[in-house]
Amino acid sequence: MSRREPFIQIGSPLSHIMEYVYLILGSLVIALSFNIFLVPNQVASGGVSGISIIVKELFGVTPALTQWALNIPLFFAGLWLLGGKFGIKTLVGSAVLPLLVLVTSGLPSLTDNTLLAAIYGGIGVGAGLGLVFRGRASTGGLDLAAQILHKYTGLRLGLCVALLDGTVILVAGLAISPEKALYALIGLYVTIKTIDVVQMGFGYSKVAFIISDQTDRLSEVILKDLDRGLTKLTAQGGFTNTDRPVLMVVVGQTEVTKLKTLVQSVDPSAFIIISDTTEVLGKGFKVQGT
C-alpha cells in the first residue's frame, strides 16, 4: 500500500492560512451554539462564556462585552506571567470569538428545552473548539487562567481547568438555579467528548499484541494475507524468564475478526491482547496533515 502525501504540507504557507481558517470557522461555530442554545436557556457550562452568561443574568451585560473584558486581560497576563509562549493566533481568538458572539447575538433560540440546549450547545461548542485546536490555536479565556494557576500552585493542568470550570458552574447554580448548573455539567461533558471526536475522528483502530511460539509463521500470514505491517517487540516471560518476541499489529475495526482467525489457524494456543487506540498516523492509516 503506497503512502499518500498530505494535500497540505505542515509548515507551508497554505497550512498557516488553513490554521486561521480553522480558528475563525471554529469560533463561528462556538458563537452560534452559544447564542442559539446556551444563552437563551441559561446554561453556563464553564469558561469565560459561562461567566458571561452569569453576568448577563445578574446585571444584563451583553455577553460579548464580558468576554472581551476577560479574554484580553487574561491574554496579556499570560504573556507577563508565563512568557511569550502565546502566539498571535491566541490573541486573534481572544478577540474574534467575542466579536462573532456579538454579531450572532440576534439569532432566535432553536429550543426552550434546557436538556436539548445543553446537549446541542455542548456539541456545537466542542465541535468549534475542536476546529480551533486543529488550527493549533486557542480562544484564550480560562485556559490561560488555568495555566497560570498550574504554574504557581503546582496542581495538574487538567485539575486546574476542572477547578475553574467547576467554580463557574457552582456560581451559576447559586446565581441562576441549581437545576441549570446540573444541565451545565451535562453540556460541559458533551463538549469534552465532542472535542475528542473532532480531533481524533470516529475511526477507532485496534492494536493487537500476539504472544506465540510461531511468530515467524504468524508474521508471514499477517503481512501477506492481512496486508498489514507489524512490529516485533522483545519481551521476557515472567515465569520462565526466557526471551520471546511479541508481535504488535494495528488494524481497523473491520479487520479484527480476520486477524483473530488467521492467528488461531496458525497457532490455536496463541495469546492475543486487543485494545482500542484512538488515532493512528502512518502508512495504511491516517496521513499527517489531513
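UniProt's unreviewed entry lists residues 20–39, 65–83, 90–108, 114–133, 154–176 and 182–202 under "transmembrane region". Keep in mind that what you're looking at is a predicted model. Here's a quick tour: two of those listed spans, the largest pocket, one helix pair and a few loop residues.

**Two of the listed spans**
- Residues 90–108 come out as 74% helix and 0% strand, and 29 Å separates the C-alpha atoms at the two ends.
- For residues 154–176, the helix share is 83%, again with 0% strand, and the end C-alpha atoms sit 32 Å apart.

**The largest pocket**
- Rolling a probe the size of a water molecule over the atoms is how you find where empty space is left.
- The largest pocket has a volume of about 960 Å³.
- It's lined by 43 residues, and the ones closest to its centre are Leu129, Phe133, Thr139, Asp143 and Asp165.
- Plenty of helices chip in: α1 (13–38), α2 (47–59), α3 (63–82), α4 (88–103), α5 (114–134), α6 (142–153), α7 (157–175) and α8 (178–200) each give two or more residues to the lining.
- Sorted by class, that lining has 21 nonpolar, 18 polar and 4 charged residues.

**How α5 meets α8**
- A pair of packed helices is described by the angle between their axes and the distance between those axes.
- For α5 and α8, the angle is about 35 degrees and the axes are 7 Å apart.
- The crossing of α5 and α8 is right-handed.
- In the contact of α5 with α8, you'll find 14 nonpolar, 8 polar and 2 charged residues.

**Loop residues worth a click**
- Most residues other than glycine have a negative phi.
- Gln42 has a positive phi of about 55 degrees, though it isn't a glycine; look for Gln42 in the loop between α1 and α2.
- With a relative accessibility of 22%, Gln42 counts as partly exposed, because that class lies between the 20% and 50% cut-offs.
- Arg136 is another non-glycine with a positive phi of about 55 degrees, and its place is in the loop between α5 and α6.
- Is Arg136 buried or exposed? At 53% relative accessibility, Arg136 counts as exposed, because the cut-off for that is over 50%.
- Arg156 is in the loop between α6 and α7, and its relative accessible area of 59% is over 50%, so Arg156 is exposed too.
- Arg156 and Ala146 are 10 residues apart along the chain, and their C-alpha atoms are separated by 9.5 Å.

How values were computed:
Residues numbered from 1 in each chain as written. Predicted model: local features only at pLDDT ≥ 70, side-chain atom pairs only at ≥ 80, totals over all residues. Heavy atoms only, no water. UniProt positions renumbered as here; feature names shortened; annotations may be inferred. Helix = DSSP H or I, 4+ residues; strand = E, 2+ residues; numbered from the N terminus. 1 Å grid on protein atoms, 1.4 Å probe; cavity = no way out; pocket = protein on both sides within 12 Å on 5 of 7 lines; lining within 4 Å. Points joined across faces, edges and corners; volume = space filled by probe spheres on them. Nonpolar A, V, L, I, M, F, W, Y, C, P; charged D, E, K, R; others polar. Axes fitted to C-alpha atoms, helices over the stretch in contact; angles between N-to-C directions. Left-handed = near helix turned anticlockwise from the far one by under 90°. Buried < 20%, exposed > 50% of the residue type's maximum accessible area, 1.4 Å probe, protein only.
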